[in-house]
Amino acid sequence: METITKAYRTGGADTVLDLTADCADFVRPLGDGLLHVFVPHATAGLAILETGSGSDDDLLAALGDLLPADDRWRHRHGSPGHGRSHVMPAFVPPYASVPVDDGVLGLGTWQSICLVDLNVDNHERFVRMDFLPG
């Protein structure tokens, strides 16, 4: 198994960050297998979706409707609504797996691998990429 961990800065706002290019660079020399991507954080997730056409903003809007940044959350440390960040991984899981054929991600035409982060208190995130050869 081949593994790398990369650090990303997500900033102080709800974020959908496209990781596809980094994932593609990682698997390019590795042949056939499975890419497993994991975020070792309790307040971030990974989604496979179309980006750049408004879908990333639509995802953030839907999560904002479903998980508002207000004072309803029992988990209350940090900025207002911080507790929602701890619930989000139940809806946007902290992992994704993608087949790899001859070093090429098996994504559909419009699919991207994205880090989703609603936690405005933590600006640095780590993403682990594991390649399991076929």
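Is arginine 84 buried or exposed? In this predicted model, arginine 84 is buried, with a relative accessible area of 6%.

## Salt bridges

Arginine 84 forms a salt bridge with aspartate 14, and their closest N and O atoms are 2.9 Å apart. Aspartate 14 belongs to the loop between strand E1 (2-9) and strand E2 (15-18), while arginine 84 belongs to helix H3 (residues 82-87), so the pair ties together parts that are 70 residues apart in sequence. Unlike its buried partner, aspartate 14 is partly exposed, at 28% relative accessibility. Side chains of opposite charge can pair when their charged atoms come close.

A search of the whole structure finds 5 salt bridges. Among them is the one between arginine 72 and aspartate 70, with an N to O distance of 2.6 Å. Here arginine 72 is exposed, with a relative accessible area of 52%, and aspartate 70 is partly exposed at 24%. Another joins aspartate 130 to arginine 128 at 2.9 Å, N to O. In that pair aspartate 130 is buried, with a relative accessible area of 7%, whereas arginine 128 is partly exposed at 33%.

## The sheet of five strands

One open sheet has 5 strands in the order E1-E8-E3-E5-E6, with antiparallel pairing. Its edge strands are E1 and E6, each of which pairs on one side only. Within this sheet, E3 and E8 are paired in the antiparallel sense over 6 bridges. Arginine 128 in E8, the salt-bridge partner of aspartate 130, stands opposite phenylalanine 38.

Helix H1 lies across E1, E3, E5, E6 and E8, and runs at about 35 degrees to E8.

## The sheet of three strands

A further open sheet contains 3 strands in the order E2-E7-E4, again with antiparallel pairing. E2 and strand E4 (44-49) stand at the edges with a single partner strand each, so one side of each is left without a neighbour in the sheet. Neighbouring strands of this sheet are turned against each other by 30 degrees on average, direction ignored.

Strand E7 (residues 112-117) pairs with E4 in the antiparallel sense over 6 bridges. Leucine 115 in E7 has leucine 46 opposite.

## Nonpolar cores

The largest nonpolar core has 19 residues, of which Cys23, Leu35, Leu105, Leu115, Val127 and Met129 touch the most other members. Two or more residues each come from helix H1 (20-27), strand E3 (33-38), E4, strand E5 (95-101), E7 and strand E8 (124-133). A second, separate core of 12 residues includes Leu60, Leu63, Leu67 and Cys114. In soluble globular proteins, nonpolar side chains tend to be buried together.

Which residues are in contact with cysteine 23, leaving aside its neighbours within four places in sequence? They are Leu35, Val37, Leu105, Ile113 and Met129. Of these contacts, Leu35, Leu105 and Met129 are also among the residues of the largest core that touch the most other members.

## A positive phi in a loop

Most residues other than glycine have a negative phi. Aspartate 102 has a positive phi of about 50 degrees although it is not a glycine. This residue is found in the loop between E5 and strand E6 (104-105). Aspartate 102 is exposed, with a relative accessible area of 64%.

Notes
Residues numbered from 1 in each chain as written. Predicted model: local features only at pLDDT ≥ 70, side-chain atom pairs only at ≥ 80, totals over all residues. Heavy atoms only, no water. Salt bridge = Lys/Arg side-chain N within 4 Å of Asp/Glu carboxyl O. Helix = DSSP H or I, 4+ residues; strand = E, 2+ residues; numbered from the N terminus. Buried < 20%, exposed > 50% of the residue type's maximum accessible area, 1.4 Å probe, protein only. Pairing = 2+ DSSP bridges. Axes fitted to C-alpha atoms, helices over the stretch in contact; angles between N-to-C directions. Core = buried A, V, L, I, M, F, W, Y, C linked by side-chain atoms within 4.5 Å. Contact = heavy atoms within 4.5 Å.
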